[in-house]
Amino acid sequence: MNVASLQEYGCTYVPYPAELRKVVEQALESWKAFCALPEEQKLRFGYDPDVKTSGNGYELKNIAKGDIDSKEDMHLRVIAREELLRRARLVDDVVAPRFVEDALAINPYIASVVSEFGRTVEQEYGVVGFEKDILATQPSWLIRFLHYFGDRRVDDEIATAHVDKGGFTLHLIETDGGVERLAYHGRSWVPLPLPAGETVILPGMGLQNRSRGQLRALCHRVVATSDTAKHGRYSAVCFFNFDNMRFYNKTAYGSLQKWPPGAFYDMPFEEFNKLFVD
């Protein structure tokens with residue numbers, strides 16, 4: 001695995017195993033079926049927030065009600081499987097439980113990809129113990145399915161520019177393009193496609209801290225295409241925290257989406273490190 005592009009472009013493309021792609025596609029169809037349920041039914045699932053990381057469960061957000069983005073999403077972890085299934089049965093007996101099972105089935109297929117990533121980063125950038133620390137948290141890897149709503153204008157920012165607060169992010173699938181990265185040099189927005197047979201890994205705030213600024217959290221956003229402006233888009237990612245990781249202090253410094261795009265790119269590590277708690 002070649003991770004040299006992480007320093008230059010803030011991302012690295014990696015081979016997408018066929019068996020992983022298959023289970024992700026199955027879970028995506030189950031997610032679409034869940035999203036098609038009536039709103040009041042989906043809201044029975046509920047959401048448990050967390051200060052340091054994202055919580056578990058279903059969220060419905062609308063910019064008309066003061067939220068940053070208009071979307072619905074679901075956060076799932078293997079460690080919370082029984083609670084997620086209990087909540088799913090509050091929604092219905094078939095669609096919601098099937099989605100939870102299909103989404104959590106992705107977890108074991110990810111391990112080989114992130115193990116190699118961790119090992120290579122450890123070797124190339126001197127991040128001691130990184131592979132072991134990633135794998136130690138496997139039951140808590142956060143799989144996130146998203147549905148951004150349509151009824152937008154082309155080029156609308158449907159996912160506000162932000163960096164991810166976790167360690168790093170593996171993109172699993174998207175039904176349309178529109179993801180863009182903010183280039184380190186020149187601060188221009190550049191398309192971030194998912195080529196056939198590959199997927200992409202982005203450093204988050206946690207990895208920027210762990211690598212002492214060698215690998216910078218990539219600012220990215222999603223803009224509406226001609227198709228997604230009308231019909232919306234579905235996607236899925238996996239967020240990774242790891243052992244011996246410090247966390248962005250959201251309580252003290254606010255949502256990362258409130259920071260100007262690229263705010264952390266050139267921030268000295270000593271200043272950046274003050275934004276974190278253990």
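# A tour from strand 12 outward

Begin by selecting strand 7 (residues 168-174) together with strand 12, which pair in the antiparallel sense over six bridges. The model on screen is a predicted one, and the stops below follow the strands, then the cores, the aromatic rings and the cysteines.

**Strand 12 and its two partners**

Within the pairing just selected, place a label on Thr169, which stands opposite Phe239 in strand 12. Now extend the selection along the whole of strand 12 (residues 233-240), where eight of the eight residues are buried. Showing the side chains separates them into two sets: Arg233, Ser235, Val237 and Phe239 point one way from the strand, while Tyr234, Ala236, Cys238 and Phe240 point the other way, and all of them are buried.

Add strand 5 (residues 142-148) next, since this strand also pairs with strand 12 in the antiparallel sense, here over seven bridges. In this pairing Tyr148 has Arg233 of strand 12 as its bridge partner. Select His147 as well, a residue of strand 5 that counts as buried at 9% relative accessibility. A distance drawn between the C-alpha atoms of His147 and Arg233 should read 5.8 Å, although the two residues are 86 apart along the chain.

Before leaving strand 12, look at the ring of Tyr234, over which the charged end of Lys32 sits, 5.6 Å from the ring centre.

**The open sheet**

Turn to the four strands that form an open sheet in the order 6-11-8-9, with antiparallel pairing. At its edges are strand 6 (157-162) and strand 9, each of which pairs on one side only. Neighbouring strands of this sheet are turned against each other by 30° on average, when direction is ignored. To examine one of the pairings in detail, select strand 6 and strand 11 (residues 220-223), which are joined in the antiparallel sense over three bridges, and find His162 opposite His220 of strand 11.

**Two nonpolar cores**

Which residues touch the most other members of the largest nonpolar core? Among the 56 residues of that core, they are Trp31, Phe34, Ile106, Ile110, Phe145 and Phe168. Colouring helix 2 (residues 18-35) shows where the largest share of this core comes from, namely eight residues. Another core, of 29 residues, lies apart from the largest one, and Ile158, Met205, Leu256 and Phe264 are among its members.

**Aromatic rings**

Keep Trp31, Phe34 and Phe145 selected and add Phe45, Tyr58 and Phe99, for these six residues form one aromatic cluster. Across the structure the count comes to 17 aromatic pairs. One of these pairs is made by Phe117 and Phe130, whose ring centres are 6.4 Å apart and whose planes stand at 65°, so the arrangement is edge-to-face. This pair links distant parts of the chain, with Phe117 in helix 6 (residues 107-125) and Phe130 in helix 7 (residues 130-135), 13 residues apart. Phe117 counts as buried at 0% relative accessibility, and Phe130 likewise counts as buried at 0%.

Move on to Tyr184 and Tyr265, which form an edge-to-face pair with 4.7 Å from centre to centre and 90° between the planes. Here too distant parts of the chain are linked, 81 residues apart: Tyr184 belongs to the loop between strand 8 (179-182) and strand 9 (189-191), and Tyr265 to the loop between helix 10 (250-253) and helix 11 (269-273). Both tyrosines are buried. While Tyr184 is in view, add Arg216, whose charged end sits over the ring of Tyr184, 3.8 Å from its centre.

**The cysteines**

How many disulfides does the structure hold? The number is zero, and two of the cysteines are worth selecting in turn to follow this up. Cys11 is in no disulfide, and the nearest cysteine sulfur, that of Cys219, is 13 Å away; Cys11 is also buried, with a relative accessible area of 6%. Cys35, which counts as buried at 8% relative accessibility, has its sulfur 18 Å from the closest cysteine sulfur, in Cys238, and this is too far for a bond. Cys238 brings the tour back to strand 12, where this residue is one of those that point the same way as Tyr234.

How values were computed. Residues are numbered from 1 along each chain as its sequence is written. This is a predicted model: local features need pLDDT of at least 70, side-chain atom pairs count only at pLDDT 80 or more; totals for chains, interfaces and linings use all residues. Side-chain values use heavy atoms; hydrogens and water are left out. A nonpolar core is a set of buried Ala, Val, Leu, Ile, Met, Phe, Trp, Tyr and Cys residues joined through side-chain atoms within 4.5 Å. Buried means under 20% relative accessible area, exposed over 50%, partly exposed in between (1.4 Å probe, protein chains only). A disulfide is a pair of cysteine sulfur atoms within 2.5 Å. Rings of Phe, Tyr and Trp (its six-membered ring) pair if their centres lie within 6.5 Å; planes under 30 degrees apart count as stacked, over 60 as edge-to-face and the rest as tilted. A charge sits over a ring if NZ of Lys or CZ of Arg is within 6 Å of the ring centre and within 35 degrees of the ring normal. Two strands pair if DSSP finds at least two bridges between them. Axes are lines fitted to C-alpha atoms, for helices over the stretch in contact, and angles run from 0 to 180 degrees between N-to-C directions.
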